[in-house]
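Got a few minutes for some exercises? Take a look at the model below, then work through the tasks with it in view.

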Amino acid sequence: MEMTLWLIMKRLSGLGERKAIQLIHGILSRGDEAIGIGDDCAAFEFGEEYLLVSTDMITSETHIHKKMTPWQIGWFVVAINLSDIAAKGGKPLGLVLSLGLPRSTSDIFLKELVEGADSCATMHGTSIVGGDTKENPNVTICGTVFGIVIKNKFMSRKGAKPGDIVAVTGTLGKAGVGHYALQHSMENKEITRGLFEPIPRLEEGMALAGLKVINSCMDISDGLSSSLYQLQEVNNVGFEIEKEKIPLAQDLIKLASQENFDAYEYGLHFGGDYELLLTVCPDKFEKVKRIIEKTGTALTAIGQVTKNREIHVVHGDSKKILPNDGYEHFRGRDFG
């Protein structure tokens with residue numbers, strides 16, 4: 001019996017993060033939340049609004065590069081939590097941080113980490129209101145963020161329709177080019193800033209939500225390809241993405257030309273940009289684009305939603321299946 005059980009067990013490296021979440025979801029009892037596992041945030045009924053709750057954790061093994069300053073570590077953990085609120089069109093109410101730190105951690109490290117976290121929170125109109133500290137052999141930081149959004153402004157992952165335009169805010173590959181530079185020992189703080197200091201699109205998210213025309217929305221944390229496959233799963237649709245329309249970061253384009261690597265590999269598959277990926281009816285797109293551009297951020301149409309559940313990338317006369325090569329915890333992917 002024990003041998004049989006051992007043979008049928010699967011390691012998390014075989015499951016991957018998303019199937020592990022499905023396993024967890026199948027076990028948990030259902031609560032009273034209006035929206036639970038499967039979106040960027042949990043959403044609870046709160047009068048005419050939803051109370052949004054999300055959590056994200058980083059560790060020295062998975063997110064904290066040895067070149068990151070303590071200030072950047074603090075900024076990063078707050079930014080990635082706020083990004084989930086942004087993707088739902090929410091306004092942040094506050095965050096709590098739990099810090100697991102080695103006994104040998106210096107007071108200067110702690111001070112700078114908290115200053116970075118506070119800087120990100122205050123810059124985006126919110127604050128850190130509490131948390132926990134514990135001794136831990138490795139740096140492990142968990143953030144939990146709370147936000148609020150009027151119910152009819154909530155932007156779900158579910159709702160993409162065939163014929164919708166697929167669009168992204170900002171540019172892609174900012175984190176990817178930073179990673180490439182680090183992997184190849186290029187000391188350039190400007191290039192690595194996109195990797196270490198992402199900007200949550202809170203203002204853009206609230207502007208989108210105010211229009212009440214966005215059919216689906218999520219943030220791009222694990223790469224464009226991974227995000228498209230996640231939207232495919234919840235919407236039972238497909239996508240056709242035009243490769244040359246993907247807005248690549250200028251630093252990525254420049255470095256790819258110098259180093260002779262494919263910039264689109266990073267634009268399509270590398271995570272960490274925390275831009276917003278959305279779908280909207282074609283007749284509403286130009287209005288949405290104008291509103292977003294008033295925030296100082298570009299909105300670029302990169303393709304359309306299709307009835308066919310396949311995800312294609314089009315380049316000239318070529319149309320190929322887009323591989324699901326974004327980052328996934330327990331599996332990972334090596335770039336550069």
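Here come three exercises, each with a worked solution.

This is a predicted model, where local features need pLDDT of at least 70, side-chain atom pairs count only at pLDDT 80 or more, and totals for chains, interfaces and linings use all residues. Residues are numbered from 1 along each chain as its sequence is written, and side-chain values use heavy atoms, leaving out hydrogens and water.

**Exercise 1.** Work out the order of the strands in the sheet.

*Solution.* Strands (E, at least two residues) and helices (H or I, at least four) are DSSP runs, numbered from the N terminus. Two strands pair if DSSP finds at least two bridges between them. Follow the pairs and you get an open sheet of five strands, S1-S2-S5-S3-S4, with mixed pairing. At the edges sit S1 (42-46) and S4 (128-135), each paired on one side only. From one strand to the next, the twist averages 15 degrees.

**Exercise 2.** Find how S1 and S2 are joined.

*Solution.* Start with direction: S1 and S2 (residues 49-59) run antiparallel, with five bridges between them. Now pick one bridge: Glu45 has Tyr50 in S2 as its partner.

**Exercise 3.** Describe how H3 and H4 pack.

*Solution.* First, the axes (lines fitted to C-alpha atoms, for helices over the stretch in contact; angles run from 0 to 180 degrees between N-to-C directions). Those of H3 (residues 70-87) and H4 (residues 107-123) come within 6 Å and cross at roughly 35 degrees. Next, the contacts (heavy atoms within 4.5 Å): H3 residues including Trp71 and Leu82 meet H4 residues, among them Phe109 and Met123.
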